[in-house]
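Grab a pencil and your favourite viewer. Here are a few exercises, each with a worked solution.

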Amino acid sequence: MPRKDKHHKTAPILVQCAIFAGILWVASILSALCPPSFVVPTPVIGLVLLYLLLTLRIVKLEWVEGLGMFLISLIGFLFVPSGIQIANDLGILKREGLQILLVILVATVVLLVVTAYVTRLVIAIHKRIMGGQQHDSIN
Amino acid sequence: MTALTNNLALPFTGIFISLAVFLAGQWLFKKSKGFFLFQPLFFGMVAGIIILIIWGKVQGTSTAYVYRHFYKPGGDIIFWFLNPATIAFAIPLFKRNDVLKKYWLDIIISLVISSVICLFIILGASKLVGLSHSSAAAMLPQAATTAIAMPVAEAIGGNSAVTAIACIVKAVIIYALADVFIKAFRLQHSQIGLGLGLGTGGTIGSAKALQFGVLEGAMASVCVVISGIVVDLVVIPFARLFM
């Protein structure tokens, strides 16, 4: 399907930038309005806003797709400064580096395994409930 | 000499270092046919830190000073682009609205339940090895993608630099060892479950998931986005209650 969409006009890059900037601007205002006890980062609000605008067909896919997919393709690179940020406090790695690595290892395995198993269980239960409802309706 | 130092403090230095180390990583990753320690982001991070350490040694200043004065101005500019890049994830999510409409309830329930279970285990592990409060708090939001995890970590008093490290190292571990974990824990039975699980490794985990199948890849991308939102909603109250 994306291949066929080539015929669609992609919006000019500055228009795409303007849509992203507008969403970020609104999102940053909404983020500032959130109480300090419930912080919602600007990008999260922006993500939900853009998703809603797309789903409600207010913003067309071809208005944001070019720039958006370009930015996503860069995401690995964009995280480089976040990684290098630890150079500001290498002491923490000297003090707790091994412990931090251990917890990351545990967290990695636990997140992967627990998420996979819980999902399997939830889908199985959901199917059983749905199956039960169908059974009821037949009765 | 001061003119040179002033010039080096312009953003160009940080931008160039970031690009150079990342591209070197990409090249090595390709040449070594995907050796996990050459994963471009991981390699770029380690190489960048080593460059700053050597720079500090040569100049006779601390690494932190070099980071703040010469790397950070450029690094911040690149970092800013994570804002539009994160909201761009609404696009793949929208494109998979068909999968979402069918499984949205299962996905949200699964991710909320599993993130609460994981938070208890991660907090327990942090306490067990005796992490300081700021490091333990930094560990909690790591199920989310880095751009969301970092501000959440700061909101609960964690060190966001440690969170970034956690997210990156976790993604590299998943990329390198996913096959081992899948075999050991028999995760291959549910494509959706496996996809969501690999999605906890962020965008790098999603790339790995795509190797197992299109559905796994789609679910991993969905997980990156939804678990980012779930982490945002669950971790802050969790930290308030249990830390």
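**Exercise 1.** What share of the contacts in chain A with a separation of 6 or more comes from residues 24 or more positions apart?

*Solution.* Start with the ground rules. This is a predicted model, where local features need pLDDT of at least 70 and side-chain atom pairs count only at pLDDT 80 or more, while totals for chains, interfaces and linings use all residues. Residues are numbered from 1 along each chain as its sequence is written, chains are lettered from A in the order in which they are written, and side-chain values use heavy atoms, with hydrogens and water left out. Next, count a contact as heavy atoms within 4.5 Å. The share for chain A comes out at 46%.

**Exercise 2.** Work out the helix and strand make-up of chain A, then look at two annotated spans.

*Solution.* Take DSSP runs: H or I of at least four residues for helices, E of at least two for strands. Chain A has six helices and zero strands, so to speak α-α-α-α-α-α when read along the sequence. Now bring in the unreviewed UniProt entry, which annotates residues 12–32, 38–59, 66–86 and 98–123 of chain A as "transmembrane region"; such annotations may be inferred rather than shown by experiment. Residues 98–123 of chain A are 100% helix, with end C-alpha atoms 37 Å apart. Residues 38–59 of chain A are 64% helix and 0% strand, and their end C-alpha atoms are 29 Å apart.

**Exercise 3.** Describe where chain B and chain A meet, and find the salt bridge.

*Solution.* First, the head count: 97 residues from chain B and 69 residues from chain A take part in the contact. In chain B, I87(B), I91(B) and F94(B) lose the most area to chain A, together 9% of what that side buries. Then the area: about 7500 Å² is buried, 81% of it from carbon and sulfur atoms. That figure is the accessible area (1.4 Å probe) lost on putting the two parts together, summed over both. Finally, look for a side-chain nitrogen of Lys or Arg within 4 Å of a carboxyl oxygen of Asp or Glu. The rule finds one salt bridge across the interface, and E65(A) and K95(B) meet in a salt bridge at 2.7 Å, N to O.

**Exercise 4.** Which residues touch the most other members of the largest nonpolar core, and why does this core lie between two domains of chain A?

*Solution.* Collect buried (under 20% relative accessible area, 1.4 Å probe, protein chains only) Ala, Val, Leu, Ile, Met, Phe, Trp, Tyr and Cys residues joined through side-chain atoms within 4.5 Å. The largest core has 124 residues, and M139(B) and L140(B) touch the most other members. It lies between domain 1 (10–75) and domain 2 (88–130) of chain A because both give residues to it; the bounds come from an automatic or database domain assignment. Beyond four places in sequence, M139(B) is in contact with residues including I100(A), V103(A), I104(A) and I122(B).

Note on methods:
Buried means under 20% relative accessible area, exposed over 50%, partly exposed in between (1.4 Å probe, protein chains only).
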